[in-house]
Amino acid sequence: MHQFSRSYTTVLTQSLANAEAFPVPYRHWVMSNLLPESALAQLQSLPIPAPDNGGVSGRREVHNATRRYFDAEAFQNFPVTMEVASFLQASDTVASLSQAFGVDLEGTYLRLEYAQDIDGFWLEPHTDLGVKRFTLLLYLSDGEGHDTLGTDIYSDAITHVGRSPFAPNKAMVFVPADNTWHGFEKRPIKGVRRSLILNYVTSEWRAREQLAFPQNPVTTANVIAAAH
């Protein structure tokens, strides 16, 4: 597996230390400066055209054919995708995230979606509950008005209560539960709203082609062993 520079770990450690926790309407966190600046710049400018949503939105699944992931094809064409994925697959990284957010990620699989949303995009409120064990929404773009394009937060399926801050290298984090309602209220998008959707999913995830390393679940076992 491709190696990543130690700067990734240094930056993540600082980002976790400075993460802001919010208890309502469900426990979630906002992180800043999650990736090294060099990696962020490369992700912001990946030469992948934004798909046309055809005026249809509401659920990402309706555009499955045009969704892009950090997979074998991406790894071959864009080295930064392999570098980021290798970092998020690493045992030390997984252990740090598990400890910081109180979630057991042992045996899950890494899924990274490179999302590019254009005007007309919206998402109905949903919870991610099910086979997603962990969700981190990393924001990338900085176009005009993009500071208003954060993830919308709800106290239930219909009650909007807030919005996460959207800025390059900021992220919203939560552990999916039956109350983690989030979505995206339809509003104007100038240019392309780019983000990286990070999930660790269970072995029950059916679309194996979406996984970064479909044959390799993450593990923290060697980290635990080293600690003892």
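## Sheets, rings and a partly exposed arginine

Ala 21 sits across from Trp 29 of β2. That pairing is a handy way into this predicted model, so let's follow the strands from there.

**The seven-stranded sheet**

Strands β1 and β2 run antiparallel and share three bridges. A hairpin of five residues takes the chain from β1 to β2. On from there, β2 (residues 28-31) pairs with strand β9 (residues 171-174), again antiparallel and again through three bridges. Met 31, for instance, has Ala 171 of β9 as its bridge partner.

Strand β2 is covered on both faces: His 28 and Val 30 are buried on one side, and Trp 29 and Met 31 are buried on the other. As a rule, side chains in a regular strand alternate between the two faces of the sheet.

Zooming out, the whole sheet is open and has seven strands, in the order β1-β2-β9-β6-β11-β4-β3, with antiparallel pairing. Its edges are β1 (20-22) and β3 (68-69), each of which pairs on one side only. Towards the β3 end of that order, strand β4 (residues 109-117) runs antiparallel to strand β11 (residues 193-201), and nine bridges join them. Within that stretch, Tyr 114 is partnered by Leu 196 of β11.

**The four-stranded sheet**

There is another open sheet, this one made of four strands in the order β5-β10-β7-β8, also with antiparallel pairing. Here the edge strands are β5 (123-126) and β8 (160-163), each pairing on one side only. From one strand to the next, the twist averages 25°. Strand β7 (residues 152-154) is joined to β8 by three bridges, and the two run antiparallel. Ile 153 faces Gly 162 of β8 across that pairing.

**Aromatic rings**

If you like aromatics, there's plenty to look at: the structure as a whole has 11 aromatic pairs. In one of them, Phe 75 and Phe 213 are stacked, because their ring planes are at 25° with the centres 5.5 Å apart. Phe 75 belongs to helix α3 (residues 72-77) and Phe 213 to the loop between β11 and α6 (221-227), so this pair ties together parts 138 residues apart in sequence. Both partners are tucked away: Phe 75 counts as buried at 12% relative accessibility, and Phe 213 counts as buried at 10%.

Phe 134 and Tyr 200 make a tilted pair, with 5.9 Å between centres and 50° between planes. Phe 134 is in strand β6 and Tyr 200 in strand β11, so the pair ties together parts 66 residues apart in sequence. At 0% relative accessibility, Phe 134 counts as buried; Tyr 200 is also at 0% and counts as buried. These two belong to a cluster in which ring pairs also link Trp 29 and Phe 101.

Some arginines also sit over rings, as listed here.

| Arginine | Ring | Distance to ring centre |
|---|---|---|
| Arg 187 | Phe 184 | 3.9 Å |
| Arg 208 | Tyr 109 | 4.4 Å |

**Arg 133**

Next to Phe 134 in the sequence comes an arginine worth a stop. Arg 133 lies in strand β6 (residues 132-139). Is it buried, exposed or partly exposed? Arg 133 has 30% relative accessibility, so it counts as partly exposed. Leaving aside residues up to four places away in sequence, Arg 133 touches Val 103, Asp 104, Leu 105, Thr 108, Val 175, Pro 176, Tyr 200, Val 201 and Thr 202. Tyr 109 is 24 residues from Arg 133 in sequence, and their C-alpha atoms are 9.4 Å apart.

**Helices α4 and α5**

Helix α4 (residues 79-89) packs against α5 at an angle of about 60°, and the axes are 5 Å apart. That angle makes α4 oblique to α5. Phe 87, Leu 88 and Gln 89 make the contact from the α4 side, and Ser 91, Thr 93 and Val 94 from the α5 side.

Helix α5 (residues 91-101) has a set of buried residues: Ser 91, Thr 93, Val 94, Ala 95, Leu 97, Ser 98 and Phe 101. Phe 101 turned up earlier, as a member of the ring cluster with Trp 29, Phe 134 and Tyr 200. Just past the end of α5, Gly 102 has a positive phi of about 60°.

Note on methods
Residues are numbered from 1 along each chain as its sequence is written. This is a predicted model: local features need pLDDT of at least 70, side-chain atom pairs count only at pLDDT 80 or more; totals for chains, interfaces and linings use all residues. Side-chain values use heavy atoms; hydrogens and water are left out. Buried means under 20% relative accessible area, exposed over 50%, partly exposed in between (1.4 Å probe, protein chains only). Contact means heavy atoms within 4.5 Å. Two strands pair if DSSP finds at least two bridges between them. Rings of Phe, Tyr and Trp (its six-membered ring) pair if their centres lie within 6.5 Å; planes under 30 degrees apart count as stacked, over 60 as edge-to-face and the rest as tilted. A charge sits over a ring if NZ of Lys or CZ of Arg is within 6 Å of the ring centre and within 35 degrees of the ring normal. Axes are lines fitted to C-alpha atoms, for helices over the stretch in contact, and angles run from 0 to 180 degrees between N-to-C directions. Angles under 35 degrees count as roughly parallel, over 145 as roughly antiparallel, 65 to 115 as roughly perpendicular and the rest as oblique.
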